[in-house]
Amino acid sequence: MLTFTKIQTSHPLYSFAEGLLHQAFPVDERRDDDAQRYNTDNNPAFNYYLVTDEEEENRTAIGLITVWELSGFRYVEHLATSPTIRNKGYGKRIMEALLKEFPGIIILEVERPEDEMSTRRIAFYQRCGFILCHQDYLQPPYRKDGKSLPLYLMYAGTDSIDEQYPEIRDEIYQKVYDVDITARKSDNT
């Protein structure tokens, strides 16, 4: 059985989770360590979960998942599995456990289907019950001089997010990426 254990930086396996985050996500796809640690310890909307497998010897840590508690939905920011257990069905098991653990609307970002890997990743999430939202979505940069990335959102727990899309996008921008929406809206008028 998979278990999600909320951790802080003082947890003995935090360095495992941080190292895994570094391995799985390039610098442009994650915030710097100090900001990540600050959110982990101080932001009540941010949850850093260590994923363990109770059936493995010594409750083996197999991955991490970060989840934001936002208005009416949860946003999964990062999900990574340890290289030692990849291609053994754990990704699907983690997604199944996620949907059980957190009923309601769950949102995540995916790369646009422009190559084989991104197409396969979308298909994986679809097999796990997520639906692709085709509305344009631009992931704000994590760092001051970073680049925005054109992505799509995927969702589960509802038939559609089309009507709520602007509010969902704006809340992710504000809470996760610290984007000033009022300045952004005035720039677009």
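How many residues apart are K92 and E96 in helix α3, and what does that spacing amount to along the helix? Here are my notes, starting from that pair. Keep in mind that this is a predicted model.

1. **The K92–E96 pair.** K92 and E96 sit 4 residues apart in helix α3 (residues 90-101), so about one helical turn separates them. An α-helix has 3.6 residues a turn, so residues three or four places apart point the same way. The two side chains do form a salt bridge, with the closest N and O atoms 3.3 Å apart. K92 is partly exposed, at a relative accessible area of 38%, and E96 is also classed as partly exposed, at 40%.

2. **A similar story in α2.** D34 and R37 make a salt bridge too, at 3.7 Å from N to O. They are 3 residues apart in helix α2, which again comes to about one helical turn. D34 counts as exposed because its relative accessibility is 59%, where the cut-off for exposed is over 50%. R37, at 30%, is put down as partly exposed.

3. **Beyond the pair.** If you're setting up charges, look at the surroundings of D34 and R37 as well: E18, D33, D34 and R37 are linked in a network of salt bridges. For the whole model, the count comes to 11 salt bridges. Another of them joins E69 to R74, with the closest N and O atoms 3.0 Å apart; E69 is partly exposed, with a relative accessible area of 30%.

4. **The two sides of α2.** Which residues of helix α2 are buried? In this helix (residues 33-42), they are Q36, N39 and T40. These residues cover an arc of only 100° around the axis, so they lie on the same side of α2. D34 and Y38 are exposed on the other side of the helix. As for what covers the buried residues, the list includes α1 (14-24), β2 (46-53) and β3 (60-70).

5. **The start of α2.** There is a polar detail here that's easy to skip past. A side-chain oxygen of D32 comes to within 3.2 Å of the backbone nitrogen of D34. D34 therefore turns up twice in these notes, as its side chain also meets that of R37 in the salt bridge of α2.

6. **The sheet.** The model has an open sheet of 7 strands, ordered β1-β2-β3-β4-β5-β7-β6, with mixed pairing. β1 (2-6) and β6 (131-139) are at the edges with a single partner strand each, so one side of each has no neighbour in the sheet. On average, neighbouring strands are turned by 35° against each other, direction ignored. At the β1 edge, β1 and β2 run antiparallel and are joined by 5 bridges. T5 stands opposite L50 of β2.

7. **Helices on the sheet.** α1 packs on the sheet and touches β2, β3 and β4 (73-81); its direction makes about 80° with that of β3. Helix α5 (residues 165-176) packs on the sheet as well, touching β3, β4, β5 (106-111), β6 and β7 (149-156). The direction of α5 makes about 45° with that of β6. To tie this back to point 4, α1, β2 and β3 are among the elements that cover the buried residues of α2.

Technical notes. Residues are numbered from 1 along each chain as its sequence is written. This is a predicted model: local features need pLDDT of at least 70, side-chain atom pairs count only at pLDDT 80 or more; totals for chains, interfaces and linings use all residues. Side-chain values use heavy atoms; hydrogens and water are left out. Buried means under 20% relative accessible area, exposed over 50%, partly exposed in between (1.4 Å probe, protein chains only). Helices (H or I, at least four residues) and strands (E, at least two) are DSSP runs, numbered from the N terminus. The arc is that of the directions from the helix axis to the C-beta atoms. Contact means heavy atoms within 4.5 Å. A polar contact is a pair of N or O atoms within 3.5 Å; within protein, one must be able to donate a hydrogen and the other to accept it, and residues adjacent in sequence count only if both atoms are side-chain atoms. A salt bridge is a side-chain nitrogen of Lys or Arg within 4 Å of a carboxyl oxygen of Asp or Glu. Two strands pair if DSSP finds at least two bridges between them. Axes are lines fitted to C-alpha atoms, for helices over the stretch in contact, and angles run from 0 to 180 degrees between N-to-C directions.
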